[in-house]
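Trainee: I'm new to this one. Could you walk me through how to read its features?

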Amino acid sequence: MDRQQENNGFGPLSKPRGKASLLAALIVVSFSVVVHLKIAHSTGNQQGRDEFVFLLFISALLTLSLAFSEVVRRVCLGIEEIRHKQTRYEGSWMKVFNSTFAFKYGRTILVVGVASFLIVSSALYRDCDTFCRAEYAIFFSLNCFLAPQLLFLVGLRELSSVEVSQINEKENKNVADGLAWSYYFGYLKLVLPHLEGQIGKSDYKYDITKKKLFILLPKNCYTYDKIVEADPRIKVAGNLDSYDINRGGILKRSYKHTVHRIEMPRPDGEIDNYYVVLEYATPLMSLYDMSEHAECGLSRQERDEQVVLFIRKLREILDGCKDCKGKYVLVPISGERAPRDDGDQNRIADVLVRMHQDPNFQMED
């Protein structure tokens, strides 16, 4: 099966990133350490093991220079932040300092830095003539002040798109994450717990066999005002009774669902009717609009990434809510409107009928 035809033509859904990059970095570091230790051991056998001490000294000096270079870079960043002390940091020097010099693994960095300083100091104390040389000072200053700042100036210190994506996924900072949480708190959390009861009170309680909310998720994020515009076999049958709550200063704000009737023709000319509570995931239209407006800075490729993240995050949120779990079905679709007679089996009506006819039907990952 063509991977792009998975999930009703939506395409494959990516999974959260793992730790392969960290494993690769660990392998590189381990290999490098082994190689350098072998070189030091071989040279040390010829020159009385001084080379091992030299390797330890250089490693500690390099670590110190990298640590100092990062401090220098943060100082440069802090110069700009000082200009915004009143507007961004409420006039607090402590907040400026914390925002600029906070390190995620600060204690580990401190321990490594102190250990490196002690190694360098010990080597200088034991054999000052060998280690107190001008080239080492030049090496240290270049690593501290020149090379890192040049890299910063030419843009080589910028995070790659992969790293930005990793940070956003890990810390829930994607546009999709915000939309998913807003959709949950502002709508789904309010209506899903009452859905079955609303169906039971309606005229469609015997017609609706799947008492769940079917949520359409088009890959292109475009949501039609009427689902019949996307697939003419899906007609509006009516509405469930509205569910009224007081929210955001609005007295008796109404939430209601629309019941759709799927008219599926049979080979003998008869028509089978299927009734579903069906709607688009409306936050996706925001992603679509953002991708159409250049000032939003969201490309269509980024939009395709965000809709996948939206689906993942929404499923994660709803499955973690005991009042919502099992009361919804996410239906990813390609979103492309196809001619009625093109034979595409991933159109909305076909997908929903398959779900009704096959109780074991599951969305592919």
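Trainee: Let me start with one stretch: over residues 105-125, what share of the chain is helix and what share is strand?

Mentor: Keep in mind that this is a predicted model. Residues 105-125 are 95% helix and 0% strand, and the C-alpha atoms at the two ends lie 30 Å apart. The UniProt record, an unreviewed entry, lists that stretch as "transmembrane region", along with 20-40, 52-69 and 137-156.

Trainee: And how many helices and strands does the protein chain have?

Mentor: There are 13 helices and seven strands. Of the 365 residues in the chain, 34% are buried. You can also look at the contacts: among those between residues at least 6 apart in sequence, 68% join residues at least 24 apart.

Trainee: What about the surface: how much area does the protein chain expose?

Mentor: About 22,600 Å², with carbon and sulfur atoms supplying 57% of it. Part of the surface is a nonpolar patch made of Leu77, Ile138, Leu142, Leu146, Leu150, Phe152, Leu153 and Val154, together offering about 740 Å² of accessible area.

Trainee: Which helix gives the most to that nonpolar patch?

Mentor: Helix α7, residues 134-154, with seven residues. Take isoleucine 138, which sits in α7. Its relative accessibility is 48%, so isoleucine 138 counts as partly exposed, since the exposed class starts over 50%.

Trainee: Now for a contrast. Is serine 65 buried or exposed?

Mentor: Serine 65 is buried, because its relative accessible area is 0%. You'll find serine 65 in helix α2, which covers residues 50-82. Setting aside neighbours within four places in sequence, serine 65 touches Phe140, Asn143 and Cys144.

Trainee: How do I read a helix that has several buried residues?

Mentor: Start with the general idea: an α-helix has 3.6 residues a turn, so residues three or four places apart point the same way. Now try helix α11, residues 283-292, where Pro283, Leu284, Leu287 and Ser291 are buried. Looking down the axis of α11, the buried residues fall within an arc of 110 degrees, so they line one face of the helix.

Trainee: What covers the buried residues of α11?

Mentor: The cover includes two helices, α9 (175-191) and α12 (300-319), as well as the strand β1 (213-218).

Trainee: So for α11, I look for the one face lined by buried residues, then for what covers them, including α9.

Mentor: That's the way to go about it.

Methods. Residues numbered from 1 in each chain as written. Predicted model: local features only at pLDDT ≥ 70, side-chain atom pairs only at ≥ 80, totals over all residues. Heavy atoms only, no water. Patch = residues over 30% accessible without salt bridge, like charges linked within 9 Å, V, L, I, M, F, W, Y side chains within 5 Å. Areas by Shrake-Rupley, 256 points an atom, 1.4 Å probe, with all protein chains shown as cover. Salt bridge = Lys/Arg side-chain N within 4 Å of Asp/Glu carboxyl O. Helix = DSSP H or I, 4+ residues; strand = E, 2+ residues; numbered from the N terminus. Buried < 20%, exposed > 50% of the residue type's maximum accessible area, 1.4 Å probe, protein only. UniProt positions renumbered as here; feature names shortened; annotations may be inferred. Arc of directions from axis to C-beta. Contact = heavy atoms within 4.5 Å.
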